[in-house]
Amino acid sequence: YKLIYDVNRGLFQLYNLQRDPRENINLVDDDLQLANHMRERLLSWVDASSLPTNRSDDLIAQNRLPGPPAHIQYPMRVRFGDIVELLGADVITPRVRRNEVLRVVFYYHVLRPTNEPYFLRVNFNAQDGGGSNWYFHAPHYPIFGRYNTTRWLPGEYIRDEVPLRVEAEVRPTIYDIGLKVEA
């Protein structure tokens with residue numbers, strides 16, 4: 001198997017090189033257990049091999065907040081079970097064109113520790129109901145893939161910026177942004 005991590009887009013791709021040597025069939029959503037295992041191994045290796053000036057812990061510390069943000073553009077306060085509460089989001093770049101990057105910042109409040117490596121999945125739905133060819137889903141761990149949910153500390157507040165490239169095929173319209181928490 002081969003796992004590819006596109007750091008700029010926050011995307012993972014998983015391929016079975018014996019069955020698919022040309023890497024045409026992305027299995028990341030089809031075999032979540034294997035994908036999660038390989039993500040963990042890759043992110044652990046990245047963390048362990050980082051230079052001291054680029055350590056994940058420094059990046060995590062920069063995105064831990066001392067308390068809830070004073071102002072959130074889109075407050076939500078949605079609980080995902082008893083583990084985490086989504087406080088809301090800021091859309092840094094509300095209007096983007098094809099091949100540009102949409103930047104969204106999510107804010108979380110950790111309610112309790114977990115041993116489960118949950119992924120946060122960002123998705124999009126066209127408001128006009130005309131369907132969408134934007135099939136982009138961004139499963140990720142917060143803070144650029146550096147802060148696995150198994151490391152979260154109860155009571156902490158987390159800032160999670162998610163940069164998402166708008167591909168050339170995306171139909172121009174207004175989209176709603178959704179967030180799911182899944183194992």
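This report covers an open sheet, its edge strand 4, a second strand pairing and one buried asparagine in a predicted model.

## The open sheet

Five strands form an open sheet. Their order is 3-9-6-5-4, and the pairing is antiparallel. Strand 3 (64–65) and strand 4 (74–80) stand at the edges. Each has a single partner strand, so one side of each is left without a neighbour in the sheet.

## Strand 4 and its partner

Strand 4 runs antiparallel to strand 5 (residues 84–91). Five bridges join the two. Pro75 has Gly88 of strand 5 as its bridge partner. Phe80 is paired in the same way with Val84 of strand 5.

Strands 4 and 5 make a hairpin, with three residues between the strands. Gly81 takes a positive phi there, near 65°.

## A nonpolar patch

Which residues make the nonpolar surface patch of about 260 Å²? They are Tyr74, Met76 and Val78. Tyr74 is found in strand 4, the edge strand with a single partner.

Tyr74 has a relative accessible area of 43%. The range for partly exposed runs between 20% and 50%, so Tyr74 counts as partly exposed.

## Strand 7 and strand 10

Strand 7 (residues 119–126) is mostly covered. Seven of its eight residues are buried.

Strand 7 pairs with strand 10 (residues 175–182). The two run antiparallel and are joined by eight bridges. Within this pairing, Val122 stands opposite Leu179 of strand 10.

## Asn148 in its loop

Asn148 is found in a loop. The loop lies between helix 3 (142–145) and strand 9 (157–165). Strand 9 is also a member of the open sheet, placed between strands 3 and 6 in the order.

Is Asn148 buried or exposed? Its relative accessibility is 7%. Buried means under 20%, so Asn148 counts as buried.

What does the side chain of Asn148 approach? One of its polar atoms lies 2.9 Å from the backbone nitrogen of Thr150. Asn148 also touches Glu40, Pro117 and Tyr141. That list leaves out residues up to four places away in sequence.

Key:
Residues numbered from 1 in each chain as written. Predicted model: local features only at pLDDT ≥ 70, side-chain atom pairs only at ≥ 80, totals over all residues. Heavy atoms only, no water. Pairing = 2+ DSSP bridges. Helix = DSSP H or I, 4+ residues; strand = E, 2+ residues; numbered from the N terminus. Patch = residues over 30% accessible without salt bridge, like charges linked within 9 Å, V, L, I, M, F, W, Y side chains within 5 Å. Areas by Shrake-Rupley, 256 points an atom, 1.4 Å probe, with all protein chains shown as cover. Salt bridge = Lys/Arg side-chain N within 4 Å of Asp/Glu carboxyl O. Buried < 20%, exposed > 50% of the residue type's maximum accessible area, 1.4 Å probe, protein only. Polar contact = N/O pair within 3.5 Å; in protein donor to acceptor, adjacent residues only side chain to side chain. Contact = heavy atoms within 4.5 Å.
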